[in-house]
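Here's a quick look at what surrounds the ligands in this model. Keep the 3D view open as you read.

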Amino acid sequence: MSVDVIGPMGERYDEILSERALELIGLLHRELNPRRLELLERRQTRQEEIAAGGSLGFLEETKAVREDPSWRVADAAPGLVDRRVEITGPTDRKMTINALNSGAKVWLADQEDANTPTWENVVGGQLNLLDAISRKIDFSTATKSYALKPDDELATIVVRPRGWHLPEKHLLVDGERTSGSLVDFALYLVACGQLQLDRGAGPYYYLPKMESHLEARLWNDAFVLAQDFLGLPRGTIRATVLIETYPAAFEMEEILYELREHSAGLNAGRWDFMFSVIKTYRTRGADFQLPDRNSVTMTVPFMRAYTELLVRTCHKRGAHAIGGMAAFIPSKDPAVNEQAFAKVEADKTREAGDGFDGSWVAHPGMVETCKAVFSSVLGDRPNQLDVLREDVHVTAQQLLDVASTPGSVTEAGLRNNISVAIQYLAAWLEGTGAVGIFNLMEDAATAEISRSQIWQWRQNNVVLDTGATVTTDLVTKLADEEIAKLEDPARFATARETFLAVALDDEYIDFLTLPAYERFK
Ligand SMILES: CC(=O)SCCNC(=O)CCNC(=O)[C@H](O)C(C)(C)COP(=O)(O)OP(=O)(O)OC[C@H]1O[C@@H](n2cnc3c(N)ncnc32)[C@H](O)[C@@H]1OP(=O)(O)O
Ligand SMILES: O=CC(=O)O
Ligand SMILES: [Mg+2]
C-alpha cells in the first residue's frame, strides 16, 4: 500500500508534493476513486440510453429537493461577495501575476480548459500559486519586470481543478493512476488552504464538467474528508460549479443542494455546454445538429433557456450566478479590436440585465469593459442576489430545443473547425492550453466543439453550402489544405494525427484530451 510520485521531482517540488499532501491524496483516492469510476460508467450508460432514443429531463427522484423552499446555500465567503468581473487563465508565472493584478475581483486559476496537464504544469502551477499567495512571486524578461500590486488590489484566487474524467499518471496510489481532480484539489488545499485563510480569504474552487448531482455529492464528500483530515471547520472550502454539460443543466438545483454548505454558486460555462449538447445527442440526427460554431450565439433559444434557468435557480437559493466567456480578445487590427470590445460589451450587458452577478473575461484588456457594464447595473450593490427572476419558467422542452437554432453548415465553417482544432492541439501538445486563433480565445472546450461538430456532420452525411458531403476524405483533404496555409506546417504532424482520430474515428472519443494526454511520458 503506497502513494508514489513517479513523475520527476523538479526544483522545489517537495514544497507541493509534501508528505501531508500525499497522505491526503492517498486517503481521497482510497475512499472516493471507486465511486468516481462508477460515476464515469454511469455517464456511459446514460449516453447509451440517449443513443437508443431516450431523453434528458428533470429528475423525478429529486423533485422533493426542487420543491422544498426551506434550503439555501451558505452565505458568500470573504472575497466572493462581489464577483462582477472574473478573469480566467493558466497558472504560469507571468500570467499568474498579470491575472492577479488585472483589476478583476476574482481570478480563476485554471488547471482545466486553459491548461495542458503536463507534470510540469501541474506541479509548477501549484508552486506559482503558493508563491503568489505567500507574496513571493516575481518574474522578469529582458524588457519587463513583474511584481504583485498591493493586497487590496489583487483578485481573489479560485482554483479550477481538472474534471472527473482526467487521470494523473505521475502520482499512483497502491499502483493505480489517481484522479486529476483530486490531485489538483488536494495539492492546492494542503499547500495554500491555511495561507488563504490567514489572508482573510479561503480555499476556493471552480468545479468543471460535472454531469450529475451525484458527481457533486462526490466533490462534497471530498471536501468533508479533506477538511476533517486537516482539522478545518466544515464549510471552509467553497466551490462554484460550472453548469457546462447538457445533463447538468437538468440538475442545477440538485447540484447546489449537494454542495450547499460549500457552495459559492453556479457558472454558465457556455463552451463546454455547447460541446456537451453536440456530444450527448451526436447520433440523433438533424434535430440535434448545430450549424457552424460561430453562428451559435447566446441568444438562440436553447442557450437562452439554459442561462435564464441558471440565474433563476441560483437566486432562488441565495447563490451567485456567474456568466460565461465571450471568446473575443483584443487585437492589434483596430477594426477587429473595435468589434471584439463591442461584442464583449454586448454579451456582458445581456448577462447583467438577465440578473447574473458577474461574468468572465479571457484577457486583462477586457476587465474594465465587463466591470463597467456590471457596475452600471449593480449600482452600490455588490451583487444582484435580490433579483429573483420569478418570471422565469424554463421547461425541459425549451432546454432541448436545438432544432430551432438558425444557421447552416458551410465549407468555411468546416475549414474553421479543422484549422482551429489542429492549431489548438499543436499548442496543447507543446504544453500551452489556451491560445488566440483567428482573433478568438481557444481552449480545450472550444476545440472540443470544433472536433465534435466534424464528427457529427460526418456521421449525419451533412451536405455543405458548396454541395459537397462531409466525408472522411473531404475532412482529410481540407485538413491538409488548412495545415499548408500555416507557418511551419511540419509543426502540425502530431496534432493532425490526433485530430483525425478524435474527429473521424467511428467510435467517438469522449474527450480529445484523453488520447492527447497519453502522448506524454
Ligand atoms: C471555455 C473556458 O473555459 S474559458 C476559460 C479558460 N480559458 C482561458 O482562461 C483563456 C485565458 N486567456 C488566455 O490564455 C490568453 O488571453 C490568450 C492565450 C487567449 C491570449 O494571450 P496572449 O496571446 O498572450 O495575448 P496578448 O499578447 O494580447 O497578451 C497581452 C498581455 O496580457 C497577458 N494576458 C493575456 N491573457 C491573460 C490572462 N487570461 N491572464 C493573465 N494575463 C493575460 C499576457 O500574458 C500579456 O502579458 P505581457 O504584456 O505582460 O506580456
Ligand atoms: O469553462 C467554461 C466553458 O465555457 O467551457
Ligand atoms: Mg469549460
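## Around ligand 1

In this predicted model, ligand 1 has 26 residues around it, and the closest are Thr88, Lys94, Tyr146, Ala362 and Asp443. Sort that shell by class and you get 15 nonpolar, five polar and six charged residues. As for where they come from, β2 (85-90), α4 (93-100) and β14 (435-437) each chip in at least two residues.

## What touches ligand 1

Two lysines reach oxygen atoms of ligand 1 with their side chains: Lys94 has a polar side-chain atom 2.7 Å from one, and a side-chain N or O atom of Lys144 is 2.9 Å from an oxygen. Ala362 uses its backbone instead, with an N or O atom 2.7 Å from a nitrogen atom of the ligand. On its own, ligand 1 exposes 940 Å², and the protein buries 78% of that. The space ligand 1 takes up is the largest pocket.

## Around ligand 2

Ligand 2 sits in the largest pocket too. Its neighbours are Asp113, Arg160, Leu242, Glu244, Gly269, Arg270, Trp271, Asp272, Trp360 and Ala445. By class, that makes four nonpolar, one polar and five charged. Helix α10 (residues 270-280) gives the largest share of this shell, three residues.

## What touches ligand 2

Oxygen atoms of ligand 2 pick up a side-chain partner in Glu244, with a polar atom at 3.0 Å. The backbone joins in as well: an N or O atom of Asp272 lies 2.9 Å from a ligand oxygen, and one from Arg270 lies 3.2 Å from a ligand oxygen. Ligand 2 alone has 200 Å² of accessible area, and the protein covers 98% of it.

Methods. Residues are numbered from 1 along each chain as its sequence is written. Chains are lettered from A and ligands numbered from 1 in the order in which they are written. This is a predicted model: local features need pLDDT of at least 70, side-chain atom pairs count only at pLDDT 80 or more; totals for chains, interfaces and linings use all residues. Side-chain values use heavy atoms; hydrogens and water are left out. A residue is near a molecule or strand if one of its heavy atoms lies within 4 Å of it. A polar contact is a pair of N or O atoms within 3.5 Å; within protein, one must be able to donate a hydrogen and the other to accept it, and residues adjacent in sequence count only if both atoms are side-chain atoms. Accessible areas come from the Shrake-Rupley method with a 1.4 Å probe; for residues, only the protein chains shown count as cover. On a 1 Å grid over the protein atoms alone, a cavity is a set of points where a 1.4 Å probe fits but cannot get out, and a pocket is an open set with protein on both sides within 12 Å along at least five of seven lines; lining residues have an atom within 4 Å of a point. A molecule sits in a cavity or pocket if more than half of its atoms lie within 2 Å of its grid points. Helices (H or I, at least four residues) and strands (E, at least two) are DSSP runs, numbered from the N terminus. Ala, Val, Leu, Ile, Met, Phe, Trp, Tyr, Cys and Pro count as nonpolar, Asp, Glu, Lys and Arg as charged, and the others, Gly among them, as polar.
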